[in-house]
Every structure is written in structure tokens, then in C-alpha cells.
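User: I'd like to learn how to read a structure like this one, feature by feature. Can you walk me through it?

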Amino acid sequence: MKINDKFFMKLAIDEAWKYQFLTYPNPAVGCVIVKGDTEILAIEAHKEAGEAHAEVNALKEAFLKYYPNDLLKTKISSNDIHEYLIKNHKGFFNDCKVYVTLEPCNHIGKTPACANLLKELKPKKVIVAHEDLNKKARGGCETLKAVNIYVSIGCMKKEAYELLYPFLKWNSGTFIFYKMAQTLNGSIDGAISSNNAKAYVHTLRDKIDLMLIGGNTVRIDKPTLDARYIAGKAPDIMIYSKNKVFDTNIPLFKIPNRKVHISNDLFKLLDYNFVMVEGTYNLLDILKDRLDYIVLLVNPKIRKGHNALNDIDIDFQIVHENYIGEEKIMFLKRK
């Protein structure tokens, strides 16, 4: 691949996808710092709402690359990193290029404005994939241009939009994704996922507002559907079923501070912003016109067992793919 702006921006986009959904209600954002023409100092991302943004994480890592024993390494909070870098940057970033998937924020919320930090550090260039569509946060590029920092917008904009789409959707209504695990040959029976993948799914459960699951799965598996692997919060549950009779003594109904809805009215999903569906092909077929994304975890083994129904016929586009340990994770959307 040619070493150009797209090369560095792809690194930022790929890093951000590692934290897709995990930054809820914030967007997933990636940032790369390059010194001179090609020296990559940092590839970072925003990792959790309320914590440092991608630019701040990347600027800190880049500075410590040259000054590994600097006091900056003791600074954890976004506020402390901002304040320290503004006072002690030594002009380090003046020959650097900053690649960021989303326009640097221009407002003070739980963390300081990234645009104000970059304005003080004065990098040589700031290359932005997608402008911020949030009225409260946008305007960062203009802040940078006002102090004569070169700003470019639109590098890999389409790919950055796919990264940004969940954030736009859950801020304007309801974002629904379907999580499914399978083997290489499509088997969905029994224990499939590795411990790494299970921990990832529990991390997702900790972030979502609601989980939808089929009634038959509840009756047969008697699941808990919590986030115990990461000591996270258990989401509210909607059991999709016409039959409202369930054994309420199973673990699913025993989680404190959780609402459990039993209904076959899918419009109830619209009461929540961020919804995950866990299930098999029957539920997928029922929901196929309502899903924004499918998150497919593929374990590299072949096993006998139940797989695709003959009457399902859906075409998908791979938006992004990565690995969790040895398992493949794919983010899909319907064509």
C-alpha cells in the first residue's frame, strides 16, 4: 500500500473499530500521530465514554515515545493530560500530522475540547475523515484554521461514516444490532465462543440499554444474560414471545434493577436507544428489516449441529472485520 494520507487514516479507522459500541453513548473515534512524513508515533482510540478522547490518548502516547520518563506518564484523566501538554509540549508537535476519524470536538463536556488542545500544540497538519454532525460539538476545524493550522477534511470519509453511523442512529432514535456466534461451517449449537469472545459479549451487554431474546431460547437454555465476566451491569431484557408464561425462578428474572418485558410487539424496541439481539436464525428472519448491523463471531472450528434455515435469503455487506483472539468478528449490514 502506498504510504499516504489514506494509509494513516486507515490505521486510525481500524483502531477505532476495536472499540465500536464500547464507547456508547459516544462515537468510536481513532487517531494517529505522524512525525515528519512517515514516523508513526501513536495509534490510539477513544475507549470509553467519560474517558480521554482519541486525540488526547494519541498525543500523550506520541509525546512519551520521545520522552518516556516524562511526568506525563503519570497523568491519567483527560483534564490532567490537557493541562500538562499545554504547559510542557516544548513545540514537540509542530512537525507532526494528526489523523483523526472525526472532527476534533469543540465543546467542553465531561472532558475538555480537543480542538482547544490542538490549537495550543500547533501540529503541522490535522487531517480529518468526517466532519462532526453534532451541533454541540462541531466547529473544531474552524478553531484550528483560525490559528493557521492546516486542516483537511474528507480523507476516507465513506469509511469514517460507517464507523460513525451507530452513533448517529442511537442519537436520533434506536440502533439495533444482532449478535450471533457460529463455527466455520455455520453451526450455532452448544458452546462455541472462546473466553475472549465471551468477555467481549459481556462488555457489549454492559453498554446496551436492552437485549432482545427469543422465548424458546429462554425456556430451553434458562440463561442469566448478565455481564458477570466483566462485573458489569445487566441490561434490561425483552423476551420475544406470544406465550407470556415463563418460569420466573430462572436466573434471568433474578437480577436486581433489571426490567424484563415479555412481548411480541417489536415497536417496544423503539423505547430504547441501543439494542442488542441475541439469537439464532429464526429470530434473525423475523427482525431482518429492523436491524442496523449484524455482529458475527466466527470460531475457527467445524462442528456438527443446527445451521442455516433453507428459507433465509439475505445479502450482506462487510463493513469491518477484525479478530478477538483467534476468532473472527465481522460487522455486517444488509445490502
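User: Let's begin with accessibility. Is Lys122 buried, partly exposed or exposed?

Analyst: One thing first: this is a predicted model. Buried means under 20% relative accessible area and exposed means over 50%, with partly exposed in between. Lys122 has a relative accessible area of 40%, so it counts as partly exposed.

User: Where does Lys122 sit, and what is its phi like?

Analyst: Lys122 is in the loop between helix H4 (114-121) and strand S4 (125-130). Its phi is positive, about 50°, although Lys122 is not a glycine. You'll also find a positive phi at Lys90, just after H3, where the value is about 60°.

User: Which residue of the loop between H1 and S1 has a phi near 80°?

Analyst: That's Phe21, which lies in the loop between H1 and S1. Its phi is near 80°, a positive value in a residue other than glycine. Phe21 is at 0% relative accessibility, so it counts as buried.

User: And what joins Tyr24 and Pro25?

Analyst: A cis peptide bond, with omega at about 5°. Pro25 is found in the loop between helix H1 (5-17) and strand S1 (30-35).

User: Now helices. How do I describe two of them packed together?

Analyst: Two packed helices are described by the angle between their axes and the distance between the axes. Try H2 (residues 54-66) and H3 (residues 78-88): they pack at an angle of about 50°, with their axes 10 Å apart. That makes H2 and H3 oblique to each other. Their crossing is left-handed.

User: Which residues make that contact between H2 and H3?

Analyst: From H2 you have Val56, Leu59, Lys60 and Phe63, and from H3 there are Ser78, Ile81, His82, Leu85 and Asn88. Sorted by class, the contact of H2 with H3 has five nonpolar, three polar and one charged residues.

User: Why does a helix touch its partner at spaced positions like that?

Analyst: The general idea is that an α-helix has 3.6 residues a turn, so residues three or four places apart point the same way. Here, look at which residues are buried in H3: Ser78, Ile81, His82, Tyr84 and Leu85. The buried residues of H3 pack against H2 and H4.

User: What about H2 with H4?

Analyst: H2 and H4 pack at an angle of about 35°, and their axes are 9 Å apart. H2 passes H4 in a left-handed crossing. Glu55, Val56 and Leu59 of H2 meet Cys114, Leu117, Leu118 and Leu121 of H4. By class, the contact of H2 with H4 has six nonpolar, no polar and one charged residues.

User: How are H1 and H6 placed relative to each other?

Analyst: They're roughly parallel. H1 and helix H6 (residues 157-172) pack at an angle of about 15°, with their axes 11 Å apart, and the cut-off for roughly parallel is under 35 degrees. The crossing of H1 and H6 is left-handed. In the contact you'll see Ile13, Ala16 and Trp17 of H1 along with Glu159, Ala160, Glu162 and Leu163 of H6. Those residues divide into five nonpolar, no polar and two charged.

User: Next, aromatic rings. How many aromatic pairs are there in the whole structure?

Analyst: A search of the whole structure finds 25 of them. Planes over 60 degrees apart count as edge-to-face. The rings of Phe7 and Phe8 have their planes at 80° and their centres 5.3 Å apart, so this pair is edge-to-face. Phe8 is buried, with a relative accessible area of 2%. The rings of Phe92 and Phe93 have centres 5.0 Å apart and planes at 90°, so they are an edge-to-face pair as well. Phe92 and Phe93 are both buried.

User: Which residues form an aromatic cluster?

Analyst: One cluster is formed by Trp17, Phe21, Tyr24, Tyr161, Tyr165, Trp170, Phe175, Phe177, Phe274, Tyr293 and Phe331. You've already met Phe21 as a buried loop residue.

User: Last one: how do I look at what surrounds a strand residue?

Analyst: Take Val126, which lies in strand S4. Val126 is buried, with a relative accessible area of 0%. Leaving aside neighbours within four places in sequence, its contacts are Val98, Val100, Pro104, Leu144, Ile149, Tyr150, Val151 and Ser152. Val126 and Val100 are 26 residues apart in sequence, yet 7.6 Å apart in space, C-alpha to C-alpha.

Conventions
Residues numbered from 1 in each chain as written. Predicted model: local features only at pLDDT ≥ 70, side-chain atom pairs only at ≥ 80, totals over all residues. Heavy atoms only, no water. Axes fitted to C-alpha atoms, helices over the stretch in contact; angles between N-to-C directions. Helix = DSSP H or I, 4+ residues; strand = E, 2+ residues; numbered from the N terminus. Parallel < 35°, antiparallel > 145°, perpendicular 65-115°, else oblique. Left-handed = near helix turned anticlockwise from the far one by under 90°. Contact = heavy atoms within 4.5 Å. Nonpolar A, V, L, I, M, F, W, Y, C, P; charged D, E, K, R; others polar. Phe/Tyr/Trp six-rings, centres within 6.5 Å; stacked < 30°, edge-to-face > 60°. Buried < 20%, exposed > 50% of the residue type's maximum accessible area, 1.4 Å probe, protein only.
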